[in-house]
Amino acid sequence: MRSRFEPDRGLTARMALTMFLLGLVYVGFVAALIVLLESLVLVIVIAAGLLGAQYWFSDRIALYAMRGHLVTPEQHPHLHGAVDRLCATADMPKPRVAVSGMDLPNAFATGRNADHAVVCVTTGLLRRLETEELEGVLAHELSHVAHRDVAVITIASFLGVLAGLVVRFAFYSQMFGGRRDQNTAAVLAMVMGVSALVYALSFLLIRALSRYRELAADRAAAMLTGKPSALASALTKVSGDVARIPTRDLRTAQAFNAFFFTPALRPGTAMAAMFSTHPTLERRLEALAEIAARLGDGRP
């Protein structure tokens, strides 16, 4: 069933192109590993097993890593009520609702499709936002589910994860593998080189898609709720408060930046600008201001 979230053909086209290009890179990567490692069965079994695990269990992995747990309407009536209203407005299945005990103000959606999706918010977010602001954030996350880009970004991120694991395995094999002949060392070096290249390509492709999908989710959420100013207010609050979160907590969450409402990076740093999975706060607020002008939502 198609939801009432505004469709985004630009996002659909970018998702298709990203998956096509990543598919080519993935096939080339697996083929290179087969040639270098001379083990067709081992490479295919490991690659397929990891991809299947990430696709089928991405929601559980994300909740575990972010210390999240599913909550009932009795435990969090305010949160469930907001999700119920938005899902009824959007005419989409209600996802499972979870809460993370982290003070980092953020939210994310994960899951392979709308019927197996989870929307998780942190206690830090619940504590900081007013009802309309919270609904704006939840609408943003629900649009990721409705647009199916949650599943795409989950699959897309797998290639970088696999390449990173191969680099680490090859590195530690060289360090602790004992005496090796020159041929073995050369093969390991080539595996590390190919894996590093694949990681770099997937890194760039994912960030190009991720930045656009965040703007698309902002736009869809603003159109659904009719309150772009509330979403802009939530963005401003959350981005400002992230700067006050301890660095240790930010590092813990950075692996899930592509899924978050706002990245777990301190704004204004070179790393935030170069490696962020999200557009800048200024760019997002500018886009929301344009929508507000069209809708006549000029509230501060």
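## Exercises on a predicted model

R128 is buried, with a relative accessible area of 19%, where buried means under 20% relative accessible area, exposed over 50% and partly exposed in between (1.4 Å probe, protein chains only). This is a predicted model, in which local features need pLDDT of at least 70 and side-chain atom pairs count only at pLDDT 80 or more, while totals for chains, interfaces and linings use all residues. Residues are numbered from 1 along each chain as its sequence is written, and side-chain values use heavy atoms, with hydrogens and water left out.

**Exercise 1. Place R128 in its helix and find which backbone oxygen its side chain reaches.**

Solution. Begin with the secondary structure, in which helices (H or I, at least four residues) and strands (E, at least two) are DSSP runs numbered from the N terminus. R128 belongs to helix α4, which covers residues 123-128. Next, follow the side chain of R128, which reaches the backbone oxygen of G124 at 2.9 Å.

**Exercise 2. Work out the strand order of the sheet and explain why one side of β1 and of β3 is left without a neighbour.**

Solution. Start from the pairing rule, by which two strands pair if DSSP finds at least two bridges between them. β2 and β4 run parallel and are joined by five bridges; in this pairing V97 has V119 as its bridge partner in β4, and S100 has T122. β3, by contrast, pairs with β4 in the antiparallel sense over four bridges, with A107 standing opposite V121. The result is an open sheet of four strands in the order β1-β2-β4-β3, with mixed pairing. β1 (68-70) and β3 stand at the edges and each have a single partner strand, so one side of each is left without a neighbour in the sheet. From one strand to the next, the twist averages 25°.

**Exercise 3. Decide whether the residues of β4 are buried or exposed, and determine which helices lie against this strand.**

Solution. Take the strand first: five of the five residues of β4 are buried. V118, C120 and T122 point one way from β4, whereas V119 and V121 point the other way, and all are buried. Then turn to the helices, where contact means heavy atoms within 4.5 Å, and where axes are lines fitted to C-alpha atoms, for helices over the stretch in contact, with angles running from 0 to 180 degrees between N-to-C directions. α3 packs on the sheet and touches β2 and β4, its direction making about 140° with that of β2. α5 lies across β3 and β4, running at about 20° to β3.

**Exercise 4. Identify which residues have the most contacts inside the largest nonpolar core, and which helix gives the most to this core.**

Solution. A nonpolar core is a set of buried Ala, Val, Leu, Ile, Met, Phe, Trp, Tyr and Cys residues joined through side-chain atoms within 4.5 Å. The largest such core has 38 residues, and F5, M92, L125 and L138 are those with the most contacts inside it. Among the elements that each supply at least two residues are α3 (77-90), β2 (96-100), β4 (118-122) and α7 (182-225), but α5 gives the most, with seven residues. Looking at L138 itself, and leaving aside its neighbours within four places in sequence, one finds contacts with L79, A82, V83, L86, V119 and V121. A second, separate core of 22 residues includes L11, L104, F108 and A264. For the chain as a whole, buried residues make up 48% of the 300 residues.

How values were computed: A polar contact is a pair of N or O atoms within 3.5 Å; within protein, one must be able to donate a hydrogen and the other to accept it, and residues adjacent in sequence count only if both atoms are side-chain atoms.
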